[in-house]
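Here are my notes on the model, point by point. Have the structure open while you read.

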Amino acid sequence: MSGVRIRPGGGGDVAAVLAMFDSAVAWLVSRGITGQWGDRPFTGDARRTEQVERWAGGGGLRIAEVDGEPAGCLSVGSPAAYVQPAQVPELYVQALVVDRRFPGRGVGAALLDRALAEAGERGAEVLRVDCYAGGDGRLVRWYEEWGFEREAPFTVGEWPGMVLRRPVRP
């Protein structure tokens, strides 16, 4: 993970974050996976832009850089409306994406490590996240490899998701 620098994000990062999602969508589509984020770029989609602007203005956006280039982002805060709040103090991963120009550089791991550290700094007992649980379940397993445990499946419309949790240890 050397070479990955994480900094606070803000309004000036909206275009870069949208581009990160665009690269991830293009990569997923090239593999026939359209269930997670669809098959269209985030850039130019007013709803997606508003979502990223909310993250940028909410104080929880973090940008990972590799050699000074935006390589991934993380947004932390409260859970989405479709997720039940935890029964203990929590920090919620609202978004995590790595630009596909930076595979295997430890960007996702650095961002999750930052989220876990920030959860501890804020006095949270758990770090939670939700993710796409369709297809072959690979994304859920990826989070499990990082120490998350399945908490509850859910659906939004026809979109299958899974809430996962990881204890925060001092």
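1. Buried here means under 20% relative accessible area, and exposed means over 50%, with partly exposed in between. Keep in mind that this is a predicted model. With that cut-off, Glu118 is buried, since its relative accessible area is 4%. That makes Glu118 a good place to start, given the company its side chain keeps.

2. Which side chains does Glu118 meet in salt bridges? One is Arg114, with N and O 3.5 Å apart. Another is Arg122, where the closest N and O atoms are 2.7 Å apart. Neither arginine is buried by the cut-off: Arg114 is partly exposed at 25%, and Arg122 is partly exposed at 47%. It goes further than these three, because shared partners join Arg62, Arg114, Glu118, Glu121 and Arg122 into one salt-bridge network.

3. Why do Arg114 and Glu118 sit about one helical turn apart? Both belong to helix H3 (residues 107–121), and they are four residues apart in H3, so about one helical turn separates them. In general, side chains of opposite charge can pair when their charged atoms come close.

4. Across the whole model, the salt-bridge count comes to 15. Another one to click on joins Asp45 and Arg40, at 3.4 Å from N to O. The two ends of this bridge fall into opposite classes: Asp45 counts as buried at 17% relative accessibility, whereas Arg40 is exposed at 53%.

5. On to cysteines. How many disulfides does a search of the whole structure find? Zero. Take Cys73: the closest cysteine sulfur is that of Cys131, and at 16 Å it is too far for a bond. Seen from the other end, Cys131 is in no disulfide either, with the sulfur of Cys73 as its nearest at 16 Å. For comparison, a disulfide would need the two sulfur atoms within 2.5 Å. Both residues are buried, Cys73 with a relative accessible area of 0% and Cys131 with 4%.

6. The aromatics deserve a look too. There are 10 aromatic pairs by the count used here. One of them is Tyr132 with Trp159, a tilted pair at 5.7 Å centre to centre and 45° between the planes. This pair links distant parts of the chain, as Tyr132 lies in strand S5 (residues 126–132) and Trp159 in strand S7 (residues 159–167), 27 residues apart. Tyr132 is buried at 13%, while Trp159 is partly exposed at 22%.

7. Trp159 has a further partner, Phe154, again in a tilted pair: the centres are 6.1 Å apart and the planes make an angle of 40°. Phe154 is buried, with a relative accessible area of 13%. Elsewhere, Phe21, Trp37, Phe42 and Trp55 form one aromatic cluster. And for a charge over a ring, see Arg100, which lies over the face of Trp27 at 4.0 Å from the ring centre.

8. Helix H2 (residues 46–57) checks out on length. Its 12 residues should span 16 Å at 1.5 Å a residue, and its end C-alpha atoms are 16 Å apart, so the two values agree.

9. Which residues of H2 are buried? They are Arg48, Val52, Trp55 and Ala56. These cover an arc of only 100° around the axis, which means they lie on the same side of H2. On the other side of H2, the exposed residues are Ala46, Arg47, Arg54 and Gly57. Note that Trp55, one of the buried residues in H2, is also a member of the aromatic cluster with Phe21, Trp37 and Phe42.

10. Last, a contact between separate stretches of sequence. Gln94 has its place in strand S4 (residues 90–98), and it counts as partly exposed at 31% relative accessibility. How far apart are Gln94 and Leu74 in space, C-alpha to C-alpha? The distance is 7.5 Å, although 20 residues separate them in sequence.

Note on methods. Residues are numbered from 1 along each chain as its sequence is written. This is a predicted model: local features need pLDDT of at least 70, side-chain atom pairs count only at pLDDT 80 or more; totals for chains, interfaces and linings use all residues. Side-chain values use heavy atoms; hydrogens and water are left out. Buried means under 20% relative accessible area, exposed over 50%, partly exposed in between (1.4 Å probe, protein chains only). A salt bridge is a side-chain nitrogen of Lys or Arg within 4 Å of a carboxyl oxygen of Asp or Glu. Helices (H or I, at least four residues) and strands (E, at least two) are DSSP runs, numbered from the N terminus. Rings of Phe, Tyr and Trp (its six-membered ring) pair if their centres lie within 6.5 Å; planes under 30 degrees apart count as stacked, over 60 as edge-to-face and the rest as tilted. A charge sits over a ring if NZ of Lys or CZ of Arg is within 6 Å of the ring centre and within 35 degrees of the ring normal. The expected span of a helix is 1.5 Å times one less than its number of residues. The arc is that of the directions from the helix axis to the C-beta atoms.
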